[in-house]
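Open the model in your viewer and keep the selection tool at hand. The tour goes from stop to stop, saying what to select and what is there.

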Amino acid sequence: MEDTRFEAARRVYNACLGEALRRCQMVRSDPAFDIAKTMPRAKRGSKESGERNKAFNEVANAHGFTERAMMTFASGLRQSWVRDHVPSQEVQVLGRRAYVAVRRWHLGLSGKPRFKTPNRGLRSLECKDLNGDLKPAFENGICVGIKQGKANTLRFAPIKPAAGRKAHDLKLERDRLLMQVAEGRVRSIRLVKSMVRGKNTFRAQFVMEGHPPKRHEVGDGTVSIDLGPSFVAVVERPSSNTHSLEAPVTGAAIHQLAEGAGDYTREIRRLQRKLDRQHRAGSPDCFRQDGTHKTVCEWRNRSKNARQTQSSIAEIHRRLAAYRKTAHGTMVTEWLSVGKHFHAEKLNYVTWQKNFPRSVRDRAPGELIEIARRRAASAGGGLYEYSTWTTALSQTCVCGRKERKPLSQRTHRCPDCGLVAQRDLLSAYLGLFVHPEVDLQTGEIIKDTLDLDLASKAWSTGPDVDWLTKPSEDITKHRVRRQQRPSQRSLERIKARRKRRLGSDRGARQEPLHPSSTARDAA
């Protein structure tokens, strides 16, 4: 039942996405759109800015490229068998999702949206309010699940002890949520589908009214970070005032991103090698004579073991993503306890994906930045990203000397002032004193500038901080790879190769088969 419902929703979403892309193309090809682009930009809220936005809105309304028009189009798709599986509110939300995705691409805020394939499908369904098809299901005044329509009810799974979190913590969190549901604070419900251990599972997300609960205290200081593909250097300052010398640096450390990701990586590699052996055995035509894979893969009919291996790889990737997200959230929570103002370099993470593919896949430094940006804005602060071209913090010393350093040189040593510090920590420290130069007329940022005088004074008046600190031993220590017992096939291959080698040596040297027994008989 649920698979049919999500498949019908996928087709509706693809139809809405195609229509939204068509209307967006009509807007772009309209001459009035080109005229609106030539209108001068102005400050937000000014009269000129309002006229420019009004011109764009008139072109969009003329071609039906609006949220309301797309929701109306989606409602018209509820015909024949689709009406029995996708309710009206869910269809309208699908039309709105397609419009928002195309709108962001139209404004240059994200890439071009793609159609949902049958393999990946649609992952969530949502209603606008509780008047839709998804509602809380109550028994004796207690919410026990989600009610779909009039008869179908999806009940909550019982809480079981899980690794990493105790059962009573999960129970307290659920009780807190169910109390808010009983108070009538639910505005809408979202049903999310995910694959866990090869099976489809469903999760309920409740959208509540009001402000979220405050679980951790938020400071008013500044946290400067110097991010790398695998490690991050953090320098904490309890004051958000950049020009204040009364609040010196209180902490400096280097942390590894997602410390336990290496265990998942080894397991993924072991299963990928197993899948490669199954691929070579099941479809040898996919490989050339030198062992490399062809451009077009012809491995269609896969065995049951190969499908099971693929499912295991997907499950480990899911667990790695969940662990990584939790680790990044915990790290950002520790930063928020110091301050809600973050400073970081503006980096190109796509280049990191090309140069450090495995580290970026396992550690996801870009995801850490996005979590920090979102939570800092939610706490009332923000993430300030400065340019590396105008600041060049990794080449700059506190005294003002600039010198290029190779990536292999991790310690900064200045011949002028004699300063010795860890390279990433020094860059993070200097990031505390970077501020933007703003054009007073347009309000746009001209460039990012480093205040070296203030950084030098703060360095001389600051407390004793270990600027040569390195990652903790539990991170950098060499982990001995666990030797797995070779398979029976590998043992037979090893024995056969050893037997051939020993047999050829004996034949060449004419040695007896058992030299010890021959010597004993001769004696």
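The stops below cover paired strands, single residues and a cavity.

This is a predicted model, in which local features need pLDDT of at least 70 and side-chain atom pairs count only at pLDDT 80 or more, while totals for chains, interfaces and linings use all residues. Residues are numbered from 1 along each chain as its sequence is written, and side-chain values use heavy atoms, with hydrogens and water left out.

**Stop 1: the strands**

Select residues 186–196, which form strand 5. Strands (E, at least two residues) and helices (H or I, at least four) are DSSP runs, numbered from the N terminus. Two strands pair if DSSP finds at least two bridges between them. Add residues 124–126, strand 1: this strand pairs with strand 5 in the antiparallel sense over 3 bridges. Ser124 has Val192 of strand 5 as its bridge partner.

Now add residues 199–208, strand 6, which is antiparallel to strand 5 and joined to it over 10 bridges. Here Ser188 is bridged to Val207 in strand 6. The hairpin of strands 5 and 6 has 2 residues between the strands, and Arg197 in this hairpin takes a positive phi near 55°.

**Stop 2: Leu154**

Select Leu154, which lies in strand 4 (residues 152–155). Is Leu154 buried or exposed? Leu154 is partly exposed, because its relative accessible area is 23%; buried means under 20% relative accessible area, exposed over 50%, and partly exposed in between (1.4 Å probe, protein chains only). Leaving aside neighbours within four places in sequence, Leu154 is in contact (heavy atoms within 4.5 Å) with residues including Glu2, Val144 and Leu191. The C-alpha atoms of Leu154 and Val144 are separated by 8.4 Å.

**Stop 3: two loop residues**

Select Ser80, in the loop between helix 4 (67–75) and helix 5 (88–106). Ser80 has a positive phi of about 50° although it is not a glycine. With 58% relative accessibility, Ser80 is exposed.

Then select Ala258, in the loop between strand 9 (251–256) and helix 7 (261–282). Ala258, not a glycine, has a positive phi of about 50°. Ala258 counts as buried because its relative accessible area is 2%.

**Stop 4: the largest cavity**

Select Gln395, Cys397, Arg401, Glu403, Lys405, Gln409, His412, Arg413 and Cys414, which line the largest cavity. A cavity is a set of points on a 1 Å grid over the protein atoms alone where a 1.4 Å probe fits but cannot get out, and lining residues have an atom within 4 Å of a point.

Terms used. 1 Å grid on protein atoms, 1.4 Å probe; cavity = no way out; pocket = protein on both sides within 12 Å on 5 of 7 lines; lining within 4 Å.
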